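Take a guided walk through the structure below. The route goes from single helices to helix pairs, then to the chain contact and a few loop residues.

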There are 2 protein chains.
Amino acid sequence: MYKINHTTTNELSRVQEKITKELASEKIIQDIYEYIFQSKGKKTRALIALLASQSKKLKPLKRIELASIIELLHTATLVHDDVVDQSKLRRGEKSVNQVWNNSYSVLMGDFIYSKAFMLMMKLDRPAILKELAGATNDIARGEIIQLNLFENYLHLDLDGLLKVSYLKTGRLFEAAAKTGAMLADSSKADVKSFGLLGKTLGIAFQIQDDILDYESLHINTGKPALQDFQEGKITFPLFYALKHSANDDQKFLLEHLGKKKLTKTIKNRVFNLVRSDMPMKCSQTLLDSYISKAKKSLEKVNHHSCYNEMLNLIMFSSQRKS
Amino acid sequence: MYKINHTTTNELSRVQEKITKELASEKIIQDIYEYIFQSKGKKTRALIALLASQSKKLKPLKRIELASIIELLHTATLVHDDVVDQSKLRRGEKSVNQVWNNSYSVLMGDFIYSKAFMLMMKLDRPAILKELAGATNDIARGEIIQLNLFENYLHLDLDGLLKVSYLKTGRLFEAAAKTGAMLADSSKADVKSFGLLGKTLGIAFQIQDDILDYESLHINTGKPALQDFQEGKITFPLFYALKHSANDDQKFLLEHLGKKKLTKTIKNRVFNLVRSDMPMKCSQTLLDSYISKAKKSLEKVNHHSCYNEMLNLIMFSSQRKS
């Protein structure tokens, strides 16, 4: 896990407390809500908001509130993603659509989204609300584009893939860092640096996530092996594999992409193709470049009290295995 | 359709224009978005906001914006409802999940929701935003409770059913009327009266909707016959039918409730049981009582310029067939 100091660990626990207090009075909603938040997740986005908002002038409570809002928004996207991806597992537990069904997932996602917006109203910071509403819209946009990538495979280039990664993952990292800095009334320049840090770290996070999908036959990452591939997602390693494969191999990959059932032999061949030298090297180089972009942005706010913790988070992101 | 004057008709067209301008740059999103908004719907909630916000001091543009936001929120719930209800038709056209699939419906719903919140930010009226965020949360809450009604059938009473109708339908009617009045800087008393008008009219709207589900074998309401019944929804007429039926008939109804496939014979028996004297009489009495509550609230704002148009809307709601 992240190396963060005692105060931050404590603040993250308060985020968890705050979130689980946001209940409705109806038992069915309480049950699903508790089920969703019993698995605590890494809370990376909440952590970023907590770090970027560190300030002597600011009471911790406001920061906890902001971090909770961001964690709620993120969780709402996950609950909806389970429907979109027809996932059976989330954070190692059965997903809501498995325990209840798709209908409950759709509506609980809406419930959590709107709860986040209700809490934002209490924050009483219009510029922060604007940033988070925009981020929420961009996430949905990114995911719709991603659904459509496969069909437009022939026109797909690295920029297109980076755009999707930015929208669906980088955008909320960016908003978390930016709104954290905004809450602390940081200078315009610092808000900008934190935003760029979040954005590039988020994209790096997604690249690492994509790589892990092709590592999970061998190590336990908490996600089933080849999940992205079987959901039909063109991720960075697959993109590079398609680019650098012989025609036959390319055809083989495209033929089995998105198929729910794959034999062990097929899985192994997919695996060997994507985990070959070039795709892995290119993905790693791309990851490194975004990690170093994030570090560069962090250097611009090296006067900030969160510097060490944020640096640890960046370094962890380049090496994480789950 | 509603009897509304020329100015209001014109304003409703501007709402449609405003909504369809809120596009993203990606073709796939444009396509789905245009598909959703090509069928214009009745825009009852937008109309209520337009009427309640009439004021000489207020520029029409702000009112159009508010009405557009409310219509967007409503449409987002419809797009998600299609997944929840596994609907094949919406407003007489194939639903988004039929033309594309559930994933697109979930994400387009999120896209439209967050677009609505982005537009709210531009309105720059925190109290209005708070009301609409709360309403969005209540709608999701109401729908989750509704999903769960069947299981709790034995404990279901009229109050429980009225609560669901308020949350899933009345709440946005209430918010539309209230925020309309708030936008026009109406007195606290007027905002309250408009809120109550919206709430009771919304519940009446839902009761009439429920009744129409059992009329549609005979007349064209735009919805397939017995849709609510086949989705497993306990609505007002069914509630009264269960209450006033002999044991055998009650058992028969519960046995077939929520079944996707029903023979013509079964449909006819369901129909005859629910359309019998008592259920229809009780539903109609309940509808009348909410219509008269709405009229009573309207009388409290009889000085308002929208009085005649609102009265027409209330009268229409008690008689509408689609």
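**A covered helix, and what surrounds it**

Helix H3 of chain B, residues 44–52, is mostly covered: nine of its nine residues are buried. Buried means that 20 or more other C-beta atoms lie within 10 Å of a residue's own; exposed means 12 or fewer, and partly exposed falls in between, with C-beta atoms placed from the backbone. Helices here are DSSP runs of H or I with at least four residues, strands are runs of E with at least two, and both are numbered from the N terminus. This is a predicted model, in which local features need pLDDT of at least 70 and side-chain atom pairs count only at pLDDT 80 or more, while totals for chains, interfaces and linings use all residues. Residues are numbered from 1 along each chain as its sequence is written, and chains are lettered from A and ligands numbered from 1 in the order in which they are written.

The buried residues of H3(B) include Thr44(B), Arg45(B) and Leu47(B). They pack against H1 (6–21), H4, H8 (158–183), H9 (188–213) and H15 (307–319) of chain B. Just ahead is a loop between H2 and H3 of chain B, and Lys43(B) sits in that loop. Lys43(B) counts as buried, because it has 22 C-beta neighbours inside 10 Å. Its phi is near 55°, a positive value in a residue other than glycine.

Now turn to H9 in each chain. In chain A, H9 covers residues 188–213, 26 in number. From first C-alpha to last it reaches 38 Å, close to the 38 Å expected at 1.5 Å a residue. That expected span is 1.5 Å times one less than the number of residues. Of the 26 residues of H9(A), 20 are buried, so the helix is largely enclosed by the rest of the structure.

In chain B, H9 packs with H14 (residues 277–300) at an angle of about 160°, with the axes 8 Å apart. Axes are lines fitted to C-alpha atoms, for helices over the stretch in contact, and angles run from 0 to 180 degrees between N-to-C directions. The angle makes H9(B) roughly antiparallel to H14(B). Angles over 145 degrees count as roughly antiparallel, under 35 as roughly parallel, 65 to 115 as roughly perpendicular and the rest as oblique. H9(B) passes H14(B) in a left-handed crossing. Left-handed means that the near helix is turned anticlockwise from the far one by less than a right angle; right-handed means clockwise. By class, this contact of H9(B) with H14(B) has 13 nonpolar, five polar and two charged residues. Ala, Val, Leu, Ile, Met, Phe, Trp, Tyr, Cys and Pro count as nonpolar, Asp, Glu, Lys and Arg as charged, and the others, Gly among them, as polar.

Two pairs in chain A follow. H4(A), residues 60–84, packs with H6(A) at about 165°, their axes 8 Å apart. That makes H4(A) roughly antiparallel to H6(A). Their crossing is left-handed. The contact of H4(A) with H6(A) holds 15 nonpolar, six polar and three charged residues.

H11(A), residues 236–244, meets H14(A), residues 277–300, at about 135°, again with axes 8 Å apart. That makes H11(A) oblique to H14(A). The crossing of H11(A) and H14(A) is right-handed. Nine nonpolar, two polar and no charged residues make up the contact of H11(A) with H14(A).

How do the chains meet? 35 residues of chain B are in contact with 35 residues of chain A. Contact means that the C-beta atoms of two residues, placed from the backbone, lie within 7 Å. H6(B) gives the most to the side of chain B that touches chain A, with 14 residues. That side divides into 21 nonpolar, eight polar and six charged residues.

Glu26(A) reaches across. This residue is in the loop between H1 and H2 of chain A. Not counting residues up to four places away in sequence, Glu26(A) touches Arg141(B) and Ile145(B). Glu26(A) is partly exposed, with 17 other C-beta atoms within 10 Å.

The last stop is Asp124(A), in the loop between H6 and H7 of chain A. Its phi is near 60°, a positive value in a residue other than glycine. Asp124(A) counts as exposed, with 10 C-beta neighbours inside 10 Å.
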